[in-house]
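Visitor: I would like a close look at a single part of this structure. Please take one strand and walk me through its surroundings.

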Amino acid sequence: MKRILIIDDHEIVRDGLKNILNEQPEDTIFGEASTPPEALALATEQDWDVAVLDLSLGGRSGLEVLKELKRIRPRLRVLILSMHSEGQYARRAFKAGAAGYITKDSPRAELVKAISKVANGGRYVSRALAEELVLDLERGSDRPPHETLSNREFEVMRLIASGKTVGEIAVLLSLSDKTISTYRARILDKMGMRTNAELTHYAIKNNLV
């Protein structure tokens, strides 16, 4: 019997995932969390074979939640199920401790396969992502500029590129305007850019937004 913890702030997504998994022959016990505190509490209280984690949880980065889950339960297997494309977040998720990454527009059969593989101790990557990782190895140390950003800087960069103001980003991330401005300055410096327009152009060109 599998024990699966579903962490997503949308009830319809949690219900849909349970319905898909309940169609499988193996019996499953589900835990559900819609907020980071709920997720961390359930991870603390019980053992799970796998946690299925969304990256967008009401203003808090799922990557931060992933790191907290791995701190509480180092052996917990975590599969990221996200609306964000693999190119945007998959590498960062794996570096933070994820065992797999799959997008919400994936076929049902592929989702079941990913959860099963991760729950049984394996890692899940799509064929397209596997090819990208091989290309990364071939490129060696030639990393694109956005790969030098921290997870929080990357998140702020994407929000700036999507047209959000400093104030709007501050509200979304529960941070001060001053902190966001500091992040912006640090991002521009690391990326070798001077304006938001340059950031936006880069993000669009590299499919980051």
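Guide: What follows is a tour of one strand, its partners and the helix that comes after it. Keep in mind that the model is predicted.

Start with strand β6, which spans residues 78-82. This strand is mostly covered, with five of its five residues buried. Its side chains split between two directions. V78, I80 and S82 point one way, while L79 and L81 point the other way. Residues on both sides are buried.

Now look at the neighbours. Strand β3, residues 50-53, pairs with β6 in the parallel sense. Three bridges join these two strands. To find the contact in the model, go to V52: its bridge partner in β6 is L79.

Strand β7 covers residues 100-103 and also pairs with β6 in the parallel sense. Here there are four bridges. Look for I80, which stands opposite Y101 in β7.

Next, follow the chain through the helix. Helix α4 takes in residues 86-95. Together, β6, α4 and β7 make a β-α-β unit, and the unit is right-handed.

One last stop is a cavity. The structure holds one cavity of 30 Å³ or more. The space inside the largest cavity is about 30 Å³. Its lining consists of G87, Q88, Y89, A90, R91, R92 and E147. By class, two of the lining residues are nonpolar, two are polar and three are charged.

Technical notes
Residues are numbered from 1 along each chain as its sequence is written. This is a predicted model: local features need pLDDT of at least 70, side-chain atom pairs count only at pLDDT 80 or more; totals for chains, interfaces and linings use all residues. Side-chain values use heavy atoms; hydrogens and water are left out. Buried means under 20% relative accessible area, exposed over 50%, partly exposed in between (1.4 Å probe, protein chains only). Two strands pair if DSSP finds at least two bridges between them. A crossover is right-handed if, with the strands pointing away from the viewer, the path from the first strand over the helix to the second runs clockwise. On a 1 Å grid over the protein atoms alone, a cavity is a set of points where a 1.4 Å probe fits but cannot get out, and a pocket is an open set with protein on both sides within 12 Å along at least five of seven lines; lining residues have an atom within 4 Å of a point. Grid points are joined across faces, edges and corners, and a volume is the space filled by probe spheres set on the points. Ala, Val, Leu, Ile, Met, Phe, Trp, Tyr, Cys and Pro count as nonpolar, Asp, Glu, Lys and Arg as charged, and the others, Gly among them, as polar.
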